[in-house]
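Got your viewer open? Let's take a walk through this structure, one selection after another.

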Amino acid sequence: MPRSNRPRRAPSPGSPAGRNARRKWASAPPEVDLERTRAGLPRHESGPDGEWSVRQITAQNAAKDYRCPGCGVLIPPGTAHLVVWQEDSLLGRQAAVEGRRHWHSHCWRTRRRY
């Protein structure tokens, strides 16, 4: 017996009618949060004190308390700040990432560079 390509059941009243509406790929893709995407990617900075990776943490993603090494003041949850680690560490990349620090944006911009 040849196979039929037509659906055997009629669509129920609550379901979307139409062949493409039932497929996952036919639905619109979710919107991309560009600000969150940009914030998650580290940028690279060069200075007399070395090569640094700097990643911005948005206020909605800041969930813990951190102490800023620049001013020594606590960065409370819900405060936008930066995560910084040294790219050209003598101990290697893994040690540099483990030694990353959370800075206030202002403190990082105005830090003393020796």
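Where is the place of Pro-77? Select Pro-77 and you land in the loop between strand S4 (74–75) and S5. A quick word on those labels: helices (H or I, at least four residues) and strands (E, at least two) are DSSP runs, numbered from the N terminus.

Before going on, know that this is a predicted model, where local features need pLDDT of at least 70, side-chain atom pairs count only at pLDDT 80 or more, and totals for chains, interfaces and linings use all residues. Residues are numbered from 1 along each chain as its sequence is written, and side-chain values use heavy atoms, with hydrogens and water left out.

**Stop 1: stay on Pro-77.** Pro-77 has a relative accessible area of 45%, so it counts as partly exposed (buried is under 20% relative accessible area, exposed is over 50%, partly exposed is in between, with a 1.4 Å probe and protein chains only). Now add Lys-64: it sits 13 residues from Pro-77 in sequence, yet the C-alpha to C-alpha distance is 5.0 Å. Leaving out residues up to four places away in sequence, Pro-77 touches Ala-62, Ala-63, Lys-64 and Asp-65 (contact means heavy atoms within 4.5 Å).

**Stop 2: the strands.** Select S1 (43–47) and S2 (50–57). They run antiparallel, joined by five bridges, and form a hairpin with two residues between them (two strands pair if DSSP finds at least two bridges between them). Look for Gly-47, which stands opposite Gly-50 in S2. In the loop between S1 and S2 you'll find Asp-49, partly exposed at a relative accessible area of 21%. Measure from Asp-49 to Arg-112, C-alpha to C-alpha: you get 9.2 Å, although 63 residues separate them in sequence.

Next, add S5 (81–86). S2 and S5 pair in the antiparallel sense too, over six bridges. Arg-55 faces Val-83 of S5 there.

**Stop 3: Ser-53.** Is Ser-53, a residue of S2, buried or exposed? It's buried, because its relative accessible area is 1%. Show its side chain together with that of Glu-87: a polar contact of 2.4 Å joins the two (that's a pair of N or O atoms within 3.5 Å; within protein, one must be able to donate a hydrogen and the other to accept it, and residues adjacent in sequence count only if both atoms are side-chain atoms). Beyond its neighbours within four places in sequence, Ser-53 has contacts that include Pro-42, His-44 and Trp-85.

**Stop 4: the core.** Which residues make up the largest nonpolar core? Select these nine: Trp-52, Val-54, Cys-68, Ile-75, Leu-82, Val-84, Trp-103, Cys-107 and Trp-108. S2, S5 and helix H3 (105–109) each give two or more residues to this core. A nonpolar core is a set of buried Ala, Val, Leu, Ile, Met, Phe, Trp, Tyr and Cys residues joined through side-chain atoms within 4.5 Å. Click on Leu-82: among the residues it touches, beyond four places in sequence, are Val-54, Trp-103 and Trp-108.

**Stop 5: the cysteines.** A disulfide is a covalent bond between the sulfur atoms of two cysteines. How many disulfides does the structure hold? Zero, with the cut-off being a pair of cysteine sulfur atoms within 2.5 Å. Cys-68 is in no disulfide, and its nearest cysteine sulfur, that of Cys-107, is 3.8 Å away. Cys-68 is buried, with a relative accessible area of 1%. For the sulfur of Cys-107, the closest cysteine sulfur is in Cys-71 at 3.7 Å, too far for a bond. Cys-107 counts as buried because its relative accessibility is 14%.
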